[in-house]
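Here's a quick briefing for anyone meeting this structure for the first time. Have a look at it below, then we'll walk through its charged pairs and its nonpolar core.

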Amino acid sequence: MPLHRIYHTPGQFSTEEKKGLANAITELYTTNPHGPHLPPFYVVVLFVPVEEENFFVGGKNTKNFVRISIQHIARSFETHDIAKGYIQLYENALAPFIKEKGFDWEIDIEQIDRNLWRTNGLIPPLSNSDAEKEWVRVNKAVPY
């Protein structure tokens with residue numbers, strides 16, 4: 001699953017902006033012609049508010065910074081060029097919610113060993129398999 005943790009100070013995002021950003025991120029994985037076409041339920045976006053008194057960048061408190069940490073499990077980038085292309089798509093998806101609001105930001109992507117992943121106790125099906133296509137169709141983990 002791609003897990004996106006978005007660390008921010010309270011008030012940086014409205015409820016509608018959170019929904020919009022979560023949808024934009026989900027679309028990168030589910031409907032983007034250059035994306036991996038994952039089941040939508042694979043995509044998890046967590047907004048993690050951090051009080052300004054606890055948020056430091058360069059040793060100073062900030063309320064203008066957004067830190068995004070991403071874990072990829074369902075798919076990994078096969079080449080550096082593919083990773084660069086994805087990061088550019090991701091930056092474009094973030095822009096209306098972060099860049100255009102004048103926030104500073106940083107992202108990182110960690111690729112996790114797929115063999116250490118379970119969903120509802122099930123080993124997720126192989127990429128692009130008939131079983132995964134069924135998970136996409138029903139948008140949930142089902143035995144196969």
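Is E132 buried or exposed? E132 is buried, with a relative accessible area of just 2%. Keep in mind that this is a predicted model. Across the whole structure, a search turns up six salt bridges, and E132 takes part in one of them, with R75 as its partner.

**The E132 and R75 pair**
- The closest N and O atoms of E132 and R75 are 2.8 Å apart.
- This pair links distant parts of the chain: E132 sits in helix α3 (residues 130-138), while R75 belongs to the loop between β5 and α2 (80-94), 57 residues apart.
- R75 counts as buried too, at 17% relative accessibility, because the cut-off for buried is under 20%.

**The pair between two strands**
- E106 and R67 also meet through their side chains, in a salt bridge of 3.1 Å from N to O.
- E106 is in strand β6 (residues 104-111) and R67 is in strand β5 (residues 65-72), so their salt bridge ties together parts that are 39 residues apart in sequence.
- On the exposure side, E106 is partly exposed at a relative accessible area of 40%, and R67 is partly exposed as well, at 24%.
- There's a third player here: D108 joins R67 and E106 in a network of salt bridges.

**A pair within one helix**
- R137 and E134 form a salt bridge between their side chains, at 2.8 Å from N to O.
- Both belong to helix α3, and they are three residues apart, so about one helical turn separates them.
- R137 is exposed, with a relative accessible area of 61%, whereas E134 counts as partly exposed at 30%.

**The nonpolar core**
- Now for the greasy part: the largest nonpolar core has 33 residues.
- Which residues have the most contacts inside this core? They are I6, I68 and Y90.
- At least two core residues come from each of α1 (15-30), β2 (44-49), β5 and α2.
- Helix α1 supplies the largest share, six residues.

**Around I68**
- Leaving aside residues up to four places away in sequence, I68 touches R5, I6, Y90, L94, I98, E106, I107 and D108.
- Two names on that contact list, E106 and D108, are also part of the salt-bridge network with R67.
- Two others, I6 and Y90, are listed along with I68 as having the most contacts inside the core.

Definitions and conventions: Residues numbered from 1 in each chain as written. Predicted model: local features only at pLDDT ≥ 70, side-chain atom pairs only at ≥ 80, totals over all residues. Heavy atoms only, no water. Salt bridge = Lys/Arg side-chain N within 4 Å of Asp/Glu carboxyl O. Helix = DSSP H or I, 4+ residues; strand = E, 2+ residues; numbered from the N terminus. Buried < 20%, exposed > 50% of the residue type's maximum accessible area, 1.4 Å probe, protein only. Core = buried A, V, L, I, M, F, W, Y, C linked by side-chain atoms within 4.5 Å. Contact = heavy atoms within 4.5 Å.
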